Amino acid sequence: MRVLGIETSCDETAVAIVGSAAPGPVGTILANVVYSQQTEHRRFGGVVPEIAARAHLERIDGLVEQALAEAGLGLDDLDAIAATAGPGLIGGVMVGVMAAKGLAFAREKPFLAINHLEGHALTVRLTEPVAFPYLLLLVSGGHCQLLTVRGPGDFTRLGTTIDDAVGECFDKTAKLLGLGFPGGPAVERLAAGGDPQRVALPRPMWRKPGCDFSFSGLKTAVRQKVEALAADDAQGRADLCASFQRTVGDVLADRCANALALAPSPTLVVAGGVAANLYLRGRLEEVAARHGARLVAPPVKLCTDNGAMIAWAGVERLRLGLVDDLDFRPRPRWPLDAAAPLR
Ligand code: KG4
Ligand code: ZN
């Protein structure tokens with residue numbers, strides 16, 4: 001089975017082809033191309049939706065051709081075409097969905113509308129033999145949730161952020177320190193040379209019951225600390241990054257401990273862009289071990305947005321016959337657990 005996946009929900013235009021020889025986890029990445037729009041957005045300090053949509057449109061056909069060439073395949077060798085159909089910046093999502101529908105229609109292949117969050121949630125099974133169900137910490141630029149994952153389309157949300165996402169908090173910290181965009185990797189790099197105990201920061205939700213998160217208070221506190229720093233205080237900046245990262249680690253570990261107690265699972269999976277952070281992975285490994293569980297994370301380059309995660313979710317859905325109609329409408333909002341209250 002071979003599925004082509006298109007991802008255009010934010011600022012990466014990404015196309016991948018994933019193959020799978022047998023049912024169950026672990027597939028093969030036959031091609032994986034990403035065009036990152038960072039240069040387009042850098043001078044604005046964040047992603048500009050209109051610019052993103054136009055850049056996706058300019059690149060998408062070329063990237064599909066490049067992916068096919070990399071895999072040594074033609075369109076007729078594919079079993080289905082998948083695309084992120086939400087949630088995300090709707091202009092970009094529409095570009096990817098239209099491209100996928102066009103290919104599916106022209107070659108009479110099934111079309112698969114993929115929830116971007118489901119892409120993150122299932123990626124781990126592309127590279128590791130992880131069985132359902134598992135506990136998932138989904139941490140990205142727009143989301144911070146704990147979920148039980150039972151299979152494609154089958155999620156129970158245990159908790160979510162009541163305000164900001166954790167990736168957003170990394171990006172804001174980086175912006176305040178003038179470290180550029182996206183901020184997560186830059187904060188992690190600077191934190192490596194800092195003292196994680198030096199700066200005391202608030203830990204919203206820490207040691208409270210339940211599995212919800214909050215980051216807005218931390219964001220405000222970081223801003224106040226940055227304002228109090230001298231511009232040439234390189235060590236102070238590194239210490240602040242390290243302390244910020246440790247504080248986020250404290251909160252994520254605490255929330256995961258509650259989730260593991262409420263919904264015991266042999267496997268804790270972390271996914272989404274922030275899962276690329278090796279310090280945070282270490283903290284989550286500790287908390288998993290304390291609860292008799294094992295932390296499993298996708299390879300770092302599959303944590304941030306990519307086409308392989310969409311193609312793989314497509315493989316998982318196609319196996320179950322969960323194909324979509326060509327009149328499927330992109331969804332700017334699309335929760336994984338439709339029964340959970342909107343936040
Ligand atoms: O999943 P993703 O690529 O896009 C969304 O779906 O949002 O996540 C992007 C987020 C950004 O906020 C970025 O700063 C963060 O992931 N990120 C990191 C790291 N790499 C990316 N955060 C912390 N440490 C990292 N190494
Ligand atoms: Zn994402």
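This note covers helix packing, the ligand site and local backbone features.

1. Basis. The model is predicted, with local features requiring pLDDT of at least 70, side-chain atom pairs counted only at pLDDT 80 or more, and totals for chains, interfaces and linings using all residues. Residues are numbered from 1 along each chain as its sequence is written, chains are lettered from A and ligands numbered from 1 in the order in which they are written, and side-chain values use heavy atoms, without hydrogens and water.

2. Helices 8 and 9. Helix 8 (residues 216-227) and helix 9 (residues 234-262) have axes that come within 11 Å and cross at roughly 165 degrees. That makes the two helices roughly antiparallel (angles over 145 degrees count as such, and under 35 as roughly parallel). Axes are lines fitted to C-alpha atoms over the stretch in contact, with angles from 0 to 180 degrees between N-to-C directions. Helices are DSSP runs (H or I) of at least four residues and strands are runs (E) of at least two, numbered from the N terminus.

3. Their contact. Leu218, Val222, Lys225 and Val226 of helix 8 meet Leu240, Phe244, Thr247 and Val248 of helix 9 (contact means heavy atoms within 4.5 Å). By class this contact has 6 nonpolar, 1 polar and 1 charged residues (Ala, Val, Leu, Ile, Met, Phe, Trp, Tyr, Cys and Pro count as nonpolar, Asp, Glu, Lys and Arg as charged, the others, Gly among them, as polar).

4. Helices 9 and 10. The axes of helix 9 and helix 10 (residues 278-290) come within 9 Å and cross at roughly 30 degrees; the pair is therefore roughly parallel. Helix 9 contributes residues including Val248, Leu252 and Cys256, and helix 10 residues including Tyr279, Leu284 and Val287. The contact residues divide into 11 nonpolar, 2 polar and 3 charged.

5. Ligand 1. Surrounding ligand 1 are 19 residues, the closest being Gly141, Asp171, Gly184, Glu188 and Asp305 (a heavy atom within 4 Å is required). Oxygen atoms of the ligand make polar contacts (N or O pairs within 3.5 Å). One partner is a side-chain N or O atom of histidine 120, at 3.0 Å. Polar backbone atoms of glycine 273, at 3.0 Å, and valine 274, at 3.5 Å, are also partners.

6. Backbone. The glycine 86 to proline 87 peptide bond is cis, with omega near -15 degrees; proline 87 sits in the loop between strand 4 (80-86) and helix 3 (90-107). Phenylalanine 181 and proline 182 are also joined by a cis bond, with omega about -5 degrees. Glutamate 108, not a glycine, has a positive phi of about 50 degrees.

Conventions
Parallel < 35°, antiparallel > 145°, perpendicular 65-115°, else oblique. Polar contact = N/O pair within 3.5 Å; in protein donor to acceptor, adjacent residues only side chain to side chain.
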